[in-house]
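Visitor: I'm new to this one, and I'd love a close look at just a single part. Please take me through it slowly.

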Amino acid sequence: MKYLSVEEAIDMPGLRLVLTAGVPGPWGESAKAILRYKQLDYTPVRQEGGGENAALRDWTGQTSAPVAVYDELPPACHWLDVLMLAERLAPAIPLVPLDCAARVTVLGLSALIVGMDGFGWHRRLQMLAPMMTLAEPPEFALCLGRKYGWSKQALAASTARLQAISVELDSQLARQAAAGSDYLVGSTVSAADFYWANFAGMLKPLGPEMNPMPDYMRATYESGDAATLACLTPRLEAHRDMMYERHIALPLDF
């Protein structure tokens, strides 16, 4: 994927999406998949994973990715803000229902996957453990550890939290299958489906031909213990595969 620098992108019109260059991070891949599904063109902007990203901080008030910026609107730095900006820009292709009960379910399941204290959050705590338990952790690991609240106590709770979220998602798919739907909510695809498809890769990435991610990143994603890897149940893995077959372009480009 060809990226512009932050400096090049600041004064551009239209939709700009700040992404961590060179890696398929699940937050960024989710944003990309949602925008593509909603037929929204965007300009990719480079963020350096673990870097200082001073220009990005000056522009958006923070240093992480993804960030979506449309024209002169304030930067959307939180996953929910990115999603709702996409809904605002392409309301004819909705991924969040208007019906209040369904809306609560979609956003609640999405938060379990992508939000603070969610699936990605706790899997990230696990993946940081080998570096954070060194006598002298590298600076970028310390930075991520502070961001995600890494501690031995938080790490100890992560597997149980991942298991609880997995059980809820698997049970929701079972209920939906009994009602005749392949999706997490209702009869059509929603944001929650896109989030799960991308975050499932934190347990089992797609193969190299479909996801040419760096070898070190693949090894990290596949490094969970048996209890963690079992959170990708057959039903949850089948849902992920269905989403890529129907709704997410392959091979991944990052």
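Which residues of helix 4 (residues 79-89) are buried?

Guide: Quick housekeeping before we zoom in. This is a predicted model, where local features need pLDDT of at least 70 and side-chain atom pairs count only at pLDDT 80 or more, while totals for chains, interfaces and linings use all residues. Residues are numbered from 1 along each chain as its sequence is written, and side-chain values use heavy atoms, leaving out hydrogens and water.

Now, helix 4 (helices being DSSP runs of H or I with at least four residues, strands E runs of at least two, numbered from the N terminus). Trp79, Val82, Leu83, Leu85, Ala86 and Glu87 are its buried residues (buried is under 20% relative accessible area, exposed over 50%, partly exposed in between, with a 1.4 Å probe and protein chains only). As background, an α-helix has 3.6 residues a turn, so residues three or four places apart point the same way.

And the neighbours? The buried residues of helix 4 pack against two strands, strand 1 (15-20) and strand 3 (67-70). They also pack against helix 2 (26-37), helix 5 (100-114) and helix 9 (191-199) (contact means heavy atoms within 4.5 Å).

While you're here, look at Cys77, which is partly exposed at 31% relative accessibility. The whole structure has zero disulfides (pairs of cysteine sulfur atoms within 2.5 Å). Cys77 has its nearest cysteine sulfur in Cys143, 15 Å away. Cys143 is not bonded to Cys77 because 15 Å between their sulfurs is too far. Cys143 is partly exposed too, with a relative accessible area of 44%.
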